[in-house]
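Let's take a walk through this fold together, going from the overall architecture down to single residues. Have the viewer open and follow along.

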Amino acid sequence: MAATSKNKVIITCAVTGGIHTPSMSPNLPVTPDEIAEQSIAAAEAGAAILHLHARDPETGRPTQDPEMFGRFLPRIKQSSDAVVNITTGGSPHMSVDERLQPARHYQPEVASLNMGSINFGLFPMLDRYKEFKHDWERQHLENSRDLVFKNTFADIEHILETCQANGTRFEFECYDIGHLYNLAHFLDRGLVKPPLFVQSVFGILGGISPHPEDIMHMRRTANRLFGDDYRWSVLGAGASQMRVASIAASMGGNVRVGLEDSLWGAPKKLAENNAEQVKRVRQILEGLSLEIATPEEAREMLSLKGGDQVNF
């Protein structure tokens with residue numbers, strides 16, 4: 001018997017992010033053309049949701065300038081039916097108002113929302129690279145030794161109220177167990193509505209680890225707090241990407257891949273593009289006899305407003 005859409009797996013692809021720097025991989029999309037092309041290819045490979053950041057095309061530095069998002073959003077919409085998810089995380093170095101600009105302006109179906117403040121350590125990556133193309137890259141990594149990624153209750157409330165006024169729903173990014181309780185607090189207050197799309201983030205220095213026991217701990221806690229009122233998804237940072245996806249998928253979870261989360265396609269081999277990772281995780285899912293959700297099925301599962309209701 002065919003699985004209903006409720007039981008299908010949503011693949012999200014996070015195309016470029018704000019963590020990795022251009023010197024780390026020549027395949028990291030930086031320009032609007034590169035972001036658009038890799039996004040469209042990832043959707044064709046099976047990603048139902050595209051999680052999008054923008055970058056300065058000259059330096060590759062993360063930017064939340066809405067004009068920069070405007071260089072690739074319409075092209076993606078014209079060439080793909082995938083759900084567009086615009087970041088409100090941006091970069092940990094940005095203010096909340098700066099991070100919020102593109103989601104406020106473009107009114108996407110989904111926006112990401114970080115559910116708590118954490119230490120966000122990127123500085124160990126300094127040991128892996130001897131040279132950087134741009135001056136900002138080394139500073140970006142070094143400054144994370146003394147960086148708190150600020151997401152206070154007031155910040156979260158501000159993003160919720162701003163985006164929900166436009167019918168945008170959320171990818172609730174939870175980097176640790178306490179973030180699930182923060183989300184439960186907003187659910188109890190009626191400021192968020194089911195079905196919740198909970199994205200558990202494993203492997204960031206400062207957050208929960210990608211150990212299987214921690215993955216199970218996240219799942220058990222979310223089940224206890226939210227019951228049938230949520231859809232669970234996971235991402236594993238770096239080399240843990242596919243392992244975390246495999247474990248979570250076998251537990252009924254959805255998955256996120258993409259060059260934002262990991263630059264790797266195989267051990268010691270850089271991924272050539274985002275679609276490579278989507279195809280790889282799709283092979284894993286289909287090997288587990290799981291079916292892949294289409295964009296329309298993802299919209300139904302997450303109660304989204306539809307791609308015709310966005311401002312791009």
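What follows is a tour of a barrel, its neighbouring strands and two of its helices.

Please keep in mind that this is a predicted model. A good place to begin is the sheet: 8 strands, paired in parallel, close into a barrel, and their order is 1-2-5-6-9-10-11-12. Within this sheet, neighbouring strands are turned against each other by 25° on average, with direction ignored.

Where does the ring join up? Strand 1, residues 11-14, pairs with strand 12, residues 254-257, in the parallel sense over 3 bridges. To find this pairing on screen, look for Thr12, which stands opposite Arg256 in strand 12.

Now move to strand 10, which spans residues 196-202. Is this strand mostly covered or mostly open? It is mostly covered, with 7 of its 7 residues buried. Leu196, Val198, Ser200 and Phe202 point one way from strand 10, while Phe197, Gln199 and Val201 point the other way. Both sets are buried, so burial here means a relative accessible area under 20% for the residues on either face.

Strand 10 also has a partner on each side to visit. Strand 9 runs parallel to strand 10 and is joined to it by 4 bridges; here Phe172 stands opposite Val198. Between these two strands comes helix 7 (residues 177-188), and strand 9, helix 7 and strand 10 together make a right-handed β-α-β unit. Turning to strand 11 (residues 230-236), you will find 7 bridges joining it to strand 10, again with the two running parallel. In this pair, Gln199 stands opposite Ser233 in strand 11. The chain gets from strand 10 to strand 11 by way of helix 8 (residues 212-226), and this β-α-β crossover is right-handed.

Next, the helices against the strands. Helix 6, made of residues 153-164, lies across strand 6 (110-114) and strand 9 (169-174). Relative to strand 9, helix 6 runs at about 155°.

Our last stop is helix 5, residues 135-142. Which of its residues are buried? They are Trp136, Glu137, His140 and Leu141. These four lie on the same side of helix 5, because they cover an arc of only 130° around the axis. What covers the buried residues of helix 5 includes strand 3 (54-55) and strand 4 (62-63).

How values were computed. Residues numbered from 1 in each chain as written. Predicted model: local features only at pLDDT ≥ 70, side-chain atom pairs only at ≥ 80, totals over all residues. Heavy atoms only, no water. Buried < 20%, exposed > 50% of the residue type's maximum accessible area, 1.4 Å probe, protein only. Arc of directions from axis to C-beta. Contact = heavy atoms within 4.5 Å. Pairing = 2+ DSSP bridges. Axes fitted to C-alpha atoms, helices over the stretch in contact; angles between N-to-C directions. Right-handed = clockwise from strand over helix to strand, strands pointing away.
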